[in-house]
Amino acid sequence: MATQSRGHATQLLRLYEMRVGIGHDTHRLVEGRPLILGGVTIEHPRGLAGHSDADVVLHALTDALLGAAGLGDIGDLYPDTDPRHKDADSAVFVRETLQRLQKDAWRVVNVDVIIFAQQPKLGPVKTTIRRHLAELLDLPADAVNVKAKTGEHVGSIGRGEAIACQVIVLIDH
Ligand code: MG
């Protein structure tokens, strides 16, 4: 009997699968561009340079999702040489990636995000970014966490030359 239930448990474990994915991105801060982080436009004299809207958070999120599902990376799927993606809203990359995951019956469990920026101070907008990401991913707000770090005034982040983002995601089916 015990052997039989152990066999059943093993079968269930095979049916239920979890995967993690990690994503990272960095973009340069330049004059004359809007600053968009996690789909939220933030008042700041400089914005991120890039082919699309350069949303470092949504790029890192896309890469984390692709990584978890074993689907490659954002550079493979959305090359910055493609004119279709010029100034594109990066939410498109996330939505299309979610569709790819759904095709394989993957569901996003939770997401943890760290944004590295010396300026602007992200404390006041963290909750807005979190809410926006939760909506984009169709997740409850407590399944999406957003943390902000400075660069401690050293390196490219600390000198305010760039903003970076790291995302980790858990998916299951
Ligand atoms: Mg990028």
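1. Which residue stands opposite Leu48 in S4? The partner is Leu29. A neighbouring entry in the ladder pairs Val30 with Gly47 of S4. This note concerns a predicted model, and the points below should be read with that in mind.

2. The pairs in point 1 belong to the contact between strand S1 (residues 18–31) and S4, which is antiparallel and has three bridges. S1 also pairs with S7, again in the antiparallel sense, through eleven bridges. One of the residue pairs there is His24 with Gln166 of S7. Strands of a sheet are held together by backbone hydrogen bonds, in either a parallel or an antiparallel arrangement.

3. The sheet as a whole is open and has five strands in the order S4-S1-S7-S5-S6, with mixed pairing. Its edges are strand S4 (46–48) and strand S6 (144–149); each has a single partner strand, so one side of each lacks a neighbour in the sheet. On average, neighbouring strands are turned by 20° against each other, direction ignored.

4. Helix H5 (residues 126–137) lies across strand S5 (107–116) and S6. Relative to S6, H5 runs at about 145°. The loop between S5 and H5 contains Pro120. The peptide bond from Gln119 to Pro120 is cis, and its omega is near -5°.

5. Helix H4 (residues 91–103) has the length expected of it: at 1.5 Å a residue its 13 residues should span 18 Å, and the end C-alpha atoms are 18 Å apart. Its buried residues are Phe93, Val94, Thr97 and Leu101. These cover an arc of only 95° around the axis, so they lie on the same side of H4. In an α-helix there are 3.6 residues a turn, so residues three or four places apart point the same way.

6. What covers the buried residues of H4? The cover includes H2, H3, H5 and strand S7 (162–172). On the other side of H4, Gln99, Gln102 and Lys103 are exposed.

7. Two residues that are not glycines have a positive phi. Ala105, with a phi of about 65°, follows H4 and lies in the loop between H4 and S5. Ala105 counts as exposed because it has 10 other C-beta atoms within 10 Å, where the cut-off for exposed is 12 or fewer. For Glu152 the phi is about 55°, and the residue sits in the loop between S6 and helix H6 (155–158). Glu152 is also exposed, with 9 C-beta neighbours inside 10 Å.

8. Is Asp73 buried, partly exposed or exposed? Asp73 is partly exposed, since 13 other C-beta atoms lie within 10 Å of its own. Its place is the loop between helix H2 (56–68) and helix H3 (74–77). Leaving out residues up to four places away in sequence, Asp73 touches Asp63 and Leu66. His59 is 14 residues from Asp73 along the chain, and the C-alpha atoms of the two are separated by 9.8 Å.

Note on methods
Residues numbered from 1 in each chain as written. Predicted model: local features only at pLDDT ≥ 70, side-chain atom pairs only at ≥ 80, totals over all residues. Pairing = 2+ DSSP bridges. Helix = DSSP H or I, 4+ residues; strand = E, 2+ residues; numbered from the N terminus. Axes fitted to C-alpha atoms, helices over the stretch in contact; angles between N-to-C directions. Contact = placed C-beta atoms within 7 Å. Buried ≥ 20, exposed ≤ 12 C-beta atoms within 10 Å, placed from the backbone. Expected span 1.5 Å × (residues − 1). Arc of directions from axis to C-beta.
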